[in-house]
Amino acid sequence: MNIYHEQSKNVWKTWFLMISFLIVVIAIGFVFAQVYQNSTILYIAIIFSLFMNFFSYWFSDKIVLGMYKAQRVTNESHPDLYNIVENLSITAGLPMPKVYVIPDSAPNAFATGRNKEHAAVAVTSGLLQILNKTELEGVIAHELSHIGNRDILLSTVVIVLVGFISILADMFLRGMIFGGHRDSDNKGGNAILMIVGIALAILAPISLTLVQLAISRKREYLADASGALLTRYPEGLASALQKISQYSAPLQHASKATAHLFIANPFGGTGKKISNLFATHPPAEDRIRILRGSK
């Protein structure tokens with residue numbers, strides 16, 4: 001597995017996602033402009049899609065940190081955590097990211113931001129309580145690897161863009177139900193509106209799941225490997241993952257839209273076999289086995 005190749009792929013995936021969103025929203029605007037014979041709808045769709053791409057690039061990380069009520073910490077308030085992040089950042093050749101703590105007893109962590117110079121690492125208070133120093137180093141190294149591997153922007157942008165498609169689906173369905181009867185002379189247009197709304201309602205959650213699966217599992221394995229190389233002690237991360245996976249309670253504000261960001265499933269244990277098939281994270285036992293070099 002070539003890490004530099006994966007970094008380049010993540011950059012292209014981000015651009016592909018943002019361009020795809022642009023095309024989809026404009027296409028939807030075009031359909032509705034034709035249905036209602038109003039070109040203004042198309043112009044609104046173009047402006048709106050450009051705005052959402054701009055907004056997701058600059059502010060998606062702040063949205064995620066706000067969702068989980070993350071609190072920024074300093075060397076004075078959390079010296080042990082801050083020093084670990086600082087030392088590992090130097091070792092990895094990365095700028096020092098902002099450090100946040102999420103007031104939640106469920107042990108978990110994630111990295112976010114638009115690039116290496118504007119990145120953040122967030123851990124829960126529960127994680128700090130159950131992990132020792134080497135285990136915490138393993139988790140932080142994993143999250144810094146996400147920053148170094150350039151997948152934090154992709155992971156964060158998908159929350160805003162793909163999640164917003166779900167909101168559009170709901171809006172179209174509401175328009176179909178509450179507004180479809182207003183134009184009795186446009187039965188063909190109403191039929192198209194119904195088809196588009198139903199299609200979006202069905203495809204939006206499916207697309208969200210598929211995109212999350214596509215960007216999550218492989219990147220977790222890669223970050224595990226990169227993190228182990230960074231600390232030169234794979235057992236630290238393996239032991240941390242074991243402790244985290246044994247905690248069954250979910251995060252207080254766990255969301256399917258943000259699940260792929262975390263080092264472990266924020267809804268608690270993923271279970272076995274079939275349930276893991278549709279999980280945003282690879283099974284913890286597989287990750288632990290690889291880190292410990294067992295077969």
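Hi everyone, let's start with one residue: R219 is buried, at a relative accessible area of 7%. The cut-off for buried is under 20%, so an arginine at 7% falls on that side of it. Please keep in mind that this is a predicted model.

Where does R219 sit? You'll find R219 in helix α7, which covers residues 187–231. And what does R219 touch, once we leave out residues up to four places away in sequence? The partners are H146, D151, S155, H260 and L261. One of them, H146, lies within the span of helix α5, residues 133–148, and that helix will come back in a minute.

Let's step back to the whole chain. The protein chain has 295 residues, and 47% of them count as buried. It holds 10 helices and 4 strands. Reading from the N terminus, the order is α-α-β-α-β-β-β-α-α-α-α-α-α-α. Now take the contacts with a separation of 6 or more: 69% of them link residues 24 or more positions apart. As for the outside, the accessible surface is about 14,800 Å², and carbon and sulfur atoms account for 64% of that.

Back to α5, as promised. Helix α3, residues 79–92, packs with α5 at an angle of about 50°, and the two axes are 10 Å apart. That angle is why α3 counts as oblique to α5. The crossing of the pair is right-handed. Who makes the contact? From α3 we have L81, I84, V85, L88 and S89, and from α5 we have K133, L136, E137, I140, A141 and L144. Sorted by type, the residues of this contact come out as 8 nonpolar, 1 polar and 2 charged.

Last stop, the backbone. Most residues other than glycine have a negative phi. Here are two that go the other way. K69 is not a glycine, yet has a positive phi of about 55°. K69 belongs to the loop between α2 (39–67) and β1 (71–72). Is K69 buried or exposed? With 51% relative accessibility, K69 counts as exposed; the cut-off is over 50%.

The other one is R232, also not a glycine, with a positive phi near 60°. R232 is in the loop between α7 and α8 (234–245). R232 counts as exposed too, with a relative accessibility of 74%. So we end with an exposed arginine, R232, having begun with a buried one, R219. Thanks for listening!

Note on methods. Residues numbered from 1 in each chain as written. Predicted model: local features only at pLDDT ≥ 70, side-chain atom pairs only at ≥ 80, totals over all residues. Heavy atoms only, no water. Axes fitted to C-alpha atoms, helices over the stretch in contact; angles between N-to-C directions. Helix = DSSP H or I, 4+ residues; strand = E, 2+ residues; numbered from the N terminus. Parallel < 35°, antiparallel > 145°, perpendicular 65-115°, else oblique. Left-handed = near helix turned anticlockwise from the far one by under 90°. Contact = heavy atoms within 4.5 Å. Nonpolar A, V, L, I, M, F, W, Y, C, P; charged D, E, K, R; others polar. Buried < 20%, exposed > 50% of the residue type's maximum accessible area, 1.4 Å probe, protein only. Areas by Shrake-Rupley, 256 points an atom, 1.4 Å probe, with all protein chains shown as cover.
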